[in-house]
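Hi everyone, thanks for coming. I'd like to take a few minutes to walk you through a structure, so please have a look at it with me.

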Amino acid sequence: MKNFVILGGGYGGMRVLARLLPNQLPEDVSITLIDRVPYHCLKTEYYALAAGTISDQHVRVSYPEHPRLTIKYGEITKIDLENKKILLQDEQPVPYDDLIIGLGCEDKYHNVPGADIYTYSIQTIEKSRATYQALNNLTPGSIVGIVGAGLSGVEIASELHESRPDLKIKLFDRGSHILSAFPQRLSLYVEKWFDSHDVEIVSHSNITRVEDKVLFNHDEPIPCDVIVWTAGIQPNKVVREMDIEKDTQGRVVLTKHHNLPNDGHVYVVGDCASLPHAPSAQLAEGQAEQIVQILLKRWKGEELPESLPTIKLKGVLGSLGKKHGFGLVADRAITGRVARILKSGILWMYKNHKG
């Protein structure tokens with residue numbers, strides 16, 4: 001019996017399980033999924049969990065059940081490629097025949113002193129819970145600094161305003177406009193929304209250091225009762241410590257079949273993979289679809305395809321509270337209630353079809 005191990009129950013790992021189970025998994029293959037929590041977490045909704053507009057239960061999806069699926073909970077400490085084992089903290093190593101690494105990302109602090117110590121995060125469900133506690137225990141009139149005005153920063157700023165309109169929110173961004181990855185029309189729409197809801201945007205900011213309840217912008221101290229960091233990501237620490245080829249962002253370089261160049265049994269999916277697009281849940285799912293097709297062919301001893309189709313992304317949607325949103329769908333900019341309804345509908349479909 002071959003042991004196929006999946007590291008991380010994120011969007012990529014869940015899509016792999018959804019495609020192999022219940023009927024596609026060969027009789028001689030078993031699956032071991034290793035994750036630190038006992039359910040799939042909807043990471044794209046952590047901003048709402050941290051802001052306090054949804055409960056913890058809303059961001060959980062149960063893992064599938066199958067006689068040849070084992071779910072193991074633990075903290076992964078190392079991937080031993082030479083001996084084909086996964087090392088776990090306080091647990092026995094887990095051997096593998098085939099492996100998918102889908103460990104996701106962590107905050108990137110850009111060497112800003114104190115940022116990793118004095119800021120809160122929404123990168124994991126545990127950290128999002130801690131951020132929720134910090135934000136919702138604040139007294140009225142408290143100041144919240146949010147560093148980074150990409151999609152995550154914008155969503156948590158707008159959601160926090162809806163949850164706690166009594167707080168003063170400052171959104172710090174390096175550029176002249178927030179949401180730099182989006183068309184300017186969308187940036188201006190969101191900026192106008194923030195202006196009408198008394199969320200302060202601090203443009204051209206340069207966070208030089210962070211201390212306890214103090215954010216330094218261009219070395220000027222700005223008191224903040226809570227500081228939330230959404231200013232960049234990097235691959236999981238376990239992947240960063242692997243002695244394999246990576247790109248300039250620290251993501252793993254792969255072949256056209258999504259495996260390591262010198263190991264046809266090890267695949268990388270999602271935020272840790274070096275791909276032409278920015279990391280996203282949608283990209284991880286598209287990549288997982290292709291990895292499943294490759295695995296099925298390899299398990300059957302069939303020849304692999306010469307090339308794989310380009311992963312097509314349908315777009316990206318962001319929320320501005322419960323009634324407004326923005327996004328790109330098929331390269332078309334949309335704003336207002338339609339964008340928010342679309343995002344809610346996609347989330348509902350994902351949860352009810354379990355990926």
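I'll go through some strands, a helix pair and one serine in turn. Please keep in mind that this is a predicted model.

Let's begin with strand β1, residues 2-7. Is β1 enclosed or open? Five of its six residues are buried, so β1 is largely enclosed by the rest of the structure. Its pairing with strand β2, residues 29-35, is parallel and runs over six bridges. If you want a spot to click on, try I6, whose bridge partner in β2 is L33.

Now the helices. Helix α1 covers residues 11-20 and helix α8 covers residues 281-300, and their axes come within 8 Å of each other. At what angle do α1 and α8 cross? The answer is roughly 45 degrees. The two helices are therefore oblique to each other, and the crossing of α1 and α8 is right-handed. On the α1 side, the contact involves Y11, G12, R15, V16, R19 and L20. Facing them from α8 are A281, A284, E285, A288, E289, V292, L296 and W299. Sorted by character, the residues of this contact come out as nine nonpolar, one polar and four charged.

Next, a sheet. Four strands make up an open sheet with parallel pairing, in the order β13-β12-β11-β17. Which strands stand at the edges? They are β13 (200-202) and β17 (226-229), and each has a single partner strand, so one side of each is left without a neighbour in the sheet. On average, neighbouring strands here are turned by 20 degrees against each other, direction ignored. Within the sheet, β11 (residues 143-147) pairs with β12 (residues 168-172) over five bridges. One of the matched pairs is I146 with L171 in β12.

For contrast in pairing sense, look at β14, residues 207-211, and β15, residues 214-217: these are antiparallel, with four bridges. E211 has V214 in β15 as its bridge partner. Two residues lie between the strands of this hairpin, and K213 takes a positive phi near 65 degrees.

Last stop: S163, which sits in helix α5, residues 151-163. With 23% relative accessibility, S163 counts as partly exposed. What does S163 touch, leaving aside neighbours within four places in sequence? Its contacts are A51, G52, T53 and N136. And I54 lies 109 residues away from S163 in sequence, while the C-alpha to C-alpha separation is 9.6 Å.

That's my tour, and I'm happy to take questions!

Note on methods
Residues numbered from 1 in each chain as written. Predicted model: local features only at pLDDT ≥ 70, side-chain atom pairs only at ≥ 80, totals over all residues. Heavy atoms only, no water. Axes fitted to C-alpha atoms, helices over the stretch in contact; angles between N-to-C directions. Parallel < 35°, antiparallel > 145°, perpendicular 65-115°, else oblique. Left-handed = near helix turned anticlockwise from the far one by under 90°. Contact = heavy atoms within 4.5 Å. Nonpolar A, V, L, I, M, F, W, Y, C, P; charged D, E, K, R; others polar. Pairing = 2+ DSSP bridges. Buried < 20%, exposed > 50% of the residue type's maximum accessible area, 1.4 Å probe, protein only.
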